[in-house]
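Here are my comments on the model you sent, set out as numbered points. Please read them with the structure open beside you.

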Amino acid sequence: MIDFEDNVVDYLSRNLEKEFPKINVTSEFSINDESTFPTVLVYEMDNYTYTPTLDSSLRENHARCVYQIEVYTKGNRSKSKAKKILSSIDSLLELHGFIRQIKTRMETGYTDMTRYVARYQALISNDGLIYR
């Protein structure tokens, strides 16, 4: 199985920290931890074998992967902060061949917290190359 989730988390973490020094990029997040804002939660939502590229021994050569990215911000100008972070994520992932499927704002139940959710899809080879 092609597992690329840690690569996506590491890539976003390295690049987002340049623009947002206190950002937390993770694949595990507890909304109860007040010190983790802003947070970007990344997780693999779907991963299935791209069957047209199976070899004769049924070895997987490519996987169609979908990653959900959730941006959590809290405090003053929470919505604009979240939008700015998500815009940077969009640029970073599109640069490497990911295609955004959705972007939507989700209710959090808190008046001072914003949550945006986006999903990105890519065809990823077993050597880490990304195809549109």
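1. Which residue just after α2 takes a positive phi? In this predicted model, the residue is G97, where phi is about 100°. A positive phi also turns up at two residues that are not glycine, and these are taken up in the last two points.

2. As to the overall layout, the protein has 2 helices and 6 strands, and from the N terminus on the elements follow the order α-β-β-β-α-β-β-β. Along the principal axes, the C-alpha atoms fill a box of roughly 55 × 30 × 20 Å. Of the contacts with a separation of 6 or more, 59% are between residues 24 or more positions apart.

3. On burial and surface, 43% of the 132 residues are buried. The accessible surface comes to about 7600 Å², and carbon and sulfur atoms account for 46% of that surface.

4. Helix α2 covers residues 78–95, 18 residues in total, and its span from the first C-alpha to the last is 26 Å, close to the 26 Å expected at 1.5 Å a residue. The buried residues of this helix are S78, A82, I85, L86, S88, I89, D90, L92 and L93, a list in which serine and aspartate appear beside the nonpolar residues. Their cover includes the other helix, α1 (5–19), together with the strands β2 (39–49), β3 (62–74), β4 (99–106) and β5 (113–125).

5. The largest nonpolar core is made up of 29 residues, and L12, L16, V40, I89 and L93 are those with the most contacts inside it. Two or more residues of this core come from each of α1, β2, β3, α2 and β5, and the largest share, 6 residues, is given by α2. If you wish to look at one of these α2 residues in detail, L93 touches V8, Y11, L12, I69, F98 and Y120, when residues up to four places away in sequence are not counted.

6. F98, one of the residues that L93 touches, is also part of an aromatic pair. The count of such pairs comes to 1, and in this pair the rings of Y67 and F98 are edge-to-face, with 6.0 Å from centre to centre and 70° between the planes. Because Y67 lies in strand β3 and F98 in the loop between α2 and β4, the pair ties together parts that are 31 residues apart in sequence. Both Y67 and F98 are buried.

7. A ring is involved in a further arrangement, this time with a charged side chain. The charged end of K74 sits over the ring of Y110, at 5.8 Å from the centre of that ring.

8. L58, in the loop between β2 and β3, is a residue other than glycine with a positive phi, near 60°. Is L58 buried or exposed? Its relative accessibility is 65%, and a residue counts as exposed when this value is over 50%, so L58 is exposed.

9. R77, in the loop between β3 and α2, likewise has a positive phi, about 55°, although it is not a glycine. With a relative accessible area of 65%, R77 is exposed.

Definitions and conventions:
Residues are numbered from 1 along each chain as its sequence is written. This is a predicted model: local features need pLDDT of at least 70, side-chain atom pairs count only at pLDDT 80 or more; totals for chains, interfaces and linings use all residues. Side-chain values use heavy atoms; hydrogens and water are left out. Helices (H or I, at least four residues) and strands (E, at least two) are DSSP runs, numbered from the N terminus. The expected span of a helix is 1.5 Å times one less than its number of residues. Buried means under 20% relative accessible area, exposed over 50%, partly exposed in between (1.4 Å probe, protein chains only). Contact means heavy atoms within 4.5 Å. A nonpolar core is a set of buried Ala, Val, Leu, Ile, Met, Phe, Trp, Tyr and Cys residues joined through side-chain atoms within 4.5 Å. Rings of Phe, Tyr and Trp (its six-membered ring) pair if their centres lie within 6.5 Å; planes under 30 degrees apart count as stacked, over 60 as edge-to-face and the rest as tilted. A charge sits over a ring if NZ of Lys or CZ of Arg is within 6 Å of the ring centre and within 35 degrees of the ring normal. Accessible areas come from the Shrake-Rupley method with a 1.4 Å probe; for residues, only the protein chains shown count as cover.
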